Amino acid sequence: MPMPLSELPIRHLTWDDLSACANLSEDRGWPREDHKWGLLLTAGTGYGVDAPDTKGLAAACVLTSYGPRRTEGPGLAAIGMVLVAERYARLGIGRRLMKHVIAETGDTPITLHATPNGRPLYEELGFAVTGRAEMVRGHFTHSGPASTVATRPATAEDLPAVLSLDADVFGQDRTSMITRLPAFADQLLVAEEDGGLTGYAALWPNMDTHVIGPLIARDTHTAKALITSLAAGTDRPLRTDIDVRHEELLAWVKECGLEPIAFNTVMTHGIPDLPGDWTRRFAPLTVAAG
């Protein structure tokens, strides 16, 4: 007799589970996103429940932890890629997995981006709404005047300045994630003025699109310059998730051909709002990792 869902063990996922994770995404009508799963499973901690019918995973998610800048221990954790196989949906396995992961974080504050379907469960588990992000997608076309902001490909020598800027804006130390960007992304650009970095952005492949993220910039003008420079290096459609408070940038990317696709709700647990400086945080690396 198959083991009841309530008794199925929750285990850590590894790189060897990448195909099973991508299959689970496909099962729920999401893109497979093998490249993104690879990053999350190596930079974060995956949790999964093996399906009792031995056909892959019944459920999975990834927890990515970031450390405070000057003290020990994680300062913020992001939960993403919360998926339950269609044949096991609405049977409580997703709730059980989430409770397990929340318990694993201890007293560490948590953030996640919720879809409309997932939001009720997260609210039941004590998450509160702190913001929204809008996903936009399309072929970028820009015919306006050239930007006066200087952008260029990042070099190894830029890494300390990128990490410092990222920590200031994100509010946590993301060294373990940001140092993976040169290998993960197809492009990594920095913006600078008077020899100092004023922003940086990455462009990484995801199925038939290129995703812009992270996008961190001193102001909207700098963010526009980084997007324009990234777009010049690809023929694929662009996709990104922009904090809705950046109204000017959202209006501009739509004028440049990107169309609204969906909204995600930014939620937090154990903290009233995200740390850092939202005015310079335009888009996340991926909503799955904060």
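The exercises below work through a predicted model, each with a stepwise solution.

**Exercise 1. The enclosed cavity**

Task: Find how many cavities of 30 Å³ or more there are, and describe the lining of the largest cavity.

Solution:
- Step 1. Count. The rule gives 1 cavity of 30 Å³ or more.
- Step 2. Take the volume. The largest cavity holds about 260 Å³ of space.
- Step 3. Locate the centre. The lining has 23 residues, and His113, Asp243, Val266, Leu274 and Arg281 are the closest to the centre.
- Step 4. Assign elements. Two or more lining residues come from each of strand 5 (110-114), strand 6 (128-138), strand 10 (209-217), strand 11 (238-243) and strand 13 (281-283). Strand 6 gives the most, with 4 residues.
- Step 5. Sort by chemistry. The lining of the largest cavity splits into 11 nonpolar, 5 polar and 7 charged residues.

**Exercise 2. The largest pocket**

Task: Characterise the largest pocket by volume, central residues, elements and lining chemistry.

Solution:
- Step 1. Take the volume. The largest pocket contains about 1200 Å³ of space.
- Step 2. Locate the centre. Among the 43 lining residues, Trp30, Val82, Leu83, Thr115 and Asn117 are the closest to the centre.
- Step 3. Assign elements. At least two lining residues come from each of strand 4 (76-84), helix 3 (93-105), strand 5, helix 4 (119-124), strand 6, strand 11 and strand 12 (259-269). Strand 4 has the largest share, 6 residues.
- Step 4. Sort by chemistry. The pocket lining divides into 23 nonpolar, 10 polar and 10 charged residues.
- Step 5. Cross-check with the cavity. Strand 5, strand 6 and strand 11 are on the list for the pocket. Strand 5, strand 6 and strand 11 are also on the list for the cavity.

**Exercise 3. Following the strands**

Task: Trace the pairing from strand 7 to strand 11, giving the sense and the bridges at each step.

Solution:
- Step 1. Start at strand 7 (residues 150-153). Strand 7 pairs with strand 8 in the antiparallel sense over 4 bridges. Threonine 151 stands opposite alanine 191 in strand 8.
- Step 2. Go from strand 8 to strand 9. The pair is antiparallel, with 7 bridges. Glutamate 193 stands opposite glycine 196 in strand 9. The two strands form a hairpin with 2 residues between them.
- Step 3. Go from strand 9 to strand 10. These strands run antiparallel and are joined by 7 bridges. Asparagine 206 has threonine 209 in strand 10 as bridge partner. This pair also forms a hairpin with 2 residues between the strands.
- Step 4. Finish at strand 11. Strand 10 and strand 11 pair in the parallel sense over 2 bridges. Valine 211 has arginine 239 in strand 11 as bridge partner.
- Step 5. Judge the enclosure. In strand 10, 9 of the 9 residues are buried, so strand 10 is largely enclosed by the rest of the structure. In strand 8, 5 of the 7 residues are buried, so strand 8 is largely enclosed too.

**Exercise 4. Backbone exceptions**

Task: Where is the cis peptide bond, and which residues have a positive phi although they are not glycines?

Solution:
- Step 1. Check omega. Glycine 213 and proline 214 are joined by a cis peptide bond, with omega about 0°. Proline 214 is in strand 10.
- Step 2. Check phi at residue 33. Glutamate 33 is not a glycine, yet its phi is positive, about 55°. Glutamate 33 lies in the loop between helix 1 (18-27) and helix 2 (34-43). At a relative accessible area of 4%, glutamate 33 is buried.
- Step 3. Check phi at residue 194. Aspartate 194 also has a positive phi of about 55°. Aspartate 194 is found in the loop between strand 8 (187-193) and strand 9 (196-206). At 79% relative accessibility, aspartate 194 is exposed.
- Step 4. Check the other hairpin. Methionine 207, in the turn between strand 9 and strand 10, has a positive phi of about 55°.

**Exercise 5. The setting of threonine 222**

Task: Is threonine 222 buried or exposed, and what does threonine 222 touch?

Solution:
- Step 1. Place the residue. Threonine 222 is in helix 8 (residues 220-231).
- Step 2. Apply the cut-off. Buried means under 20% relative accessible area. Threonine 222 has 1%, so threonine 222 counts as buried.
- Step 3. Look for a polar partner. The side chains of threonine 222 and aspartate 219 make a polar contact at 2.7 Å.
- Step 4. List the contacts. Leaving out residues up to four places away in sequence, threonine 222 touches Val149, Ala191, Thr198 and Ala217.
- Step 5. Link back to the strands. Ala191, one of these contacts, is the residue of strand 8 that threonine 151 stands opposite.

Note on methods:
Residues numbered from 1 in each chain as written. Predicted model: local features only at pLDDT ≥ 70, side-chain atom pairs only at ≥ 80, totals over all residues. Heavy atoms only, no water. 1 Å grid on protein atoms, 1.4 Å probe; cavity = no way out; pocket = protein on both sides within 12 Å on 5 of 7 lines; lining within 4 Å. Points joined across faces, edges and corners; volume = space filled by probe spheres on them. Nonpolar A, V, L, I, M, F, W, Y, C, P; charged D, E, K, R; others polar. Buried < 20%, exposed > 50% of the residue type's maximum accessible area, 1.4 Å probe, protein only. Polar contact = N/O pair within 3.5 Å; in protein donor to acceptor, adjacent residues only side chain to side chain. Contact = heavy atoms within 4.5 Å. Pairing = 2+ DSSP bridges.
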